Amino acid sequence: MISKEMYTVLLHIPRYEKAISESDLEHDCQISPNRLKEILGEAKWTSHDYANECAEKRHFWFLTENGQAAIEEYERAVRADRLVICSLVVSIVAAVAGIGSAIASAITLLQ
């Protein structure tokens, strides 16, 4: 799964039809130029292939199919994490309610 920083950068890169300049990306993502170059370099790795530099325009980037898939996978994982946290909270509330019910039953029986 991609990092949150990589997700932020990829989210601002348009698909094939358009391209975005590194300076616009830097402004949109609010990341330092050096860190942005590192992230774009990693995104361009052939093992990832999340984004590519335009052949016609240097320093302009577009998102690939792998990049779109990585964004969707990251968002799916974030939603799953939220669902797990919500489930945990509901189960804790249910456990506390069960304990409260058991204590109330015990008090009623003892009276």
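Let us begin with contacts: two residues are in contact when heavy atoms of theirs lie within 4.5 Å. Of the contacts in this protein with a separation of 6 or more, 53% are between residues 24 or more positions apart.

The structure above is a predicted model, in which local features need pLDDT of at least 70 and side-chain atom pairs count only at pLDDT 80 or more, while totals for chains, interfaces and linings use all residues. Residues are numbered from 1 along each chain as its sequence is written, and side-chain values use heavy atoms, with hydrogens and water left out. The score pLDDT is the predictor's confidence in each residue, on a scale from 0 to 100. Its mean over the protein is 89, and 100% of the residues reach 70 or more.

Now for the overall layout. The protein has 4 helices and 3 strands, where helices (H or I, at least four residues) and strands (E, at least two) are DSSP runs, numbered from the N terminus. Read from the N terminus on, the order of the elements is α-β-α-α-β-β-α. The radius of gyration, taken over C-alpha atoms, can be set against a globule rule of 2.2 Å times the number of residues to the power 0.38. For this protein the radius of gyration is 24 Å, well over the 13 Å that the rule gives for 111 residues, so the protein is more spread out than a compact globule. Along the principal axes, the C-alpha atoms fill a box of roughly 85 × 25 × 20 Å. Among the elements, helix H4 (residues 65-110) has the highest mean pLDDT, 93, and strand S2 (residues 51-53) the lowest, 85.

Helix H4 is also where you will find Ala106. The C-alpha atoms of Ala106 and Lys44 are 65 Å apart in space, with their positions 62 residues apart in sequence. To describe how accessible a residue is, we use relative accessible area: buried means under 20%, exposed over 50%, and partly exposed in between (1.4 Å probe, protein chains only). Ala106 counts as partly exposed because its relative accessibility is 38%. Over the whole protein, 25% of the 111 residues count as buried.

Where do the buried nonpolar residues gather? A nonpolar core is a set of buried Ala, Val, Leu, Ile, Met, Phe, Trp, Tyr and Cys residues joined through side-chain atoms within 4.5 Å. The largest such core has 21 residues, and those with the most contacts inside it are Ile2, Val9, Leu10, Ile13 and Leu25. At least two residues of this core come from each of helix H1 (4-12), helix H2 (22-29), helix H3 (33-44), strand S3 (60-63) and H4. As background, nonpolar side chains tend to be buried together in soluble globular proteins.

Two of these core residues are worth a visit. Ile2 lies in the segment before H1, and it counts as buried because its relative accessible area is 9%. Leaving out residues up to four places away in sequence, Ile2 touches Tyr7, Leu10, Tyr50, Ala70, Ile71 and Tyr74. With the same exclusion, Leu25 touches Val9, His12, Ile13, Ile20, Gln30, Leu36 and Leu40.

Two of the neighbours of Ile2, Tyr7 and Tyr74, lead us to the aromatic rings. Rings of Phe, Tyr and Trp (its six-membered ring) pair if their centres lie within 6.5 Å; planes under 30 degrees apart count as stacked, over 60 as edge-to-face and the rest as tilted. A search of the whole structure finds 1 aromatic pair. Tyr7 and Tyr74 form this pair, which is stacked, at 4.3 Å centre to centre with 25° between the planes. The pair links distant parts of the chain, with Tyr7 in helix H1 and Tyr74 in helix H4, 67 residues apart. Both tyrosines are buried.

What about the cysteines? A disulfide is a pair of cysteine sulfur atoms within 2.5 Å, and by this rule the count is 0. For Cys29, the nearest cysteine sulfur is that of Cys54, 16 Å away. Cys29 is buried at 10% relative accessible area, whereas Cys86 is partly exposed at 48%.

Finally, turn to the backbone. Most residues other than glycine have a negative phi. Gln30, in the loop between H2 and H3, has a positive phi near 55° and is exposed at 72% relative accessibility. Asp49, in the loop between H3 and S2, also has a positive phi near 55°, and its relative accessible area of 25% makes it partly exposed.
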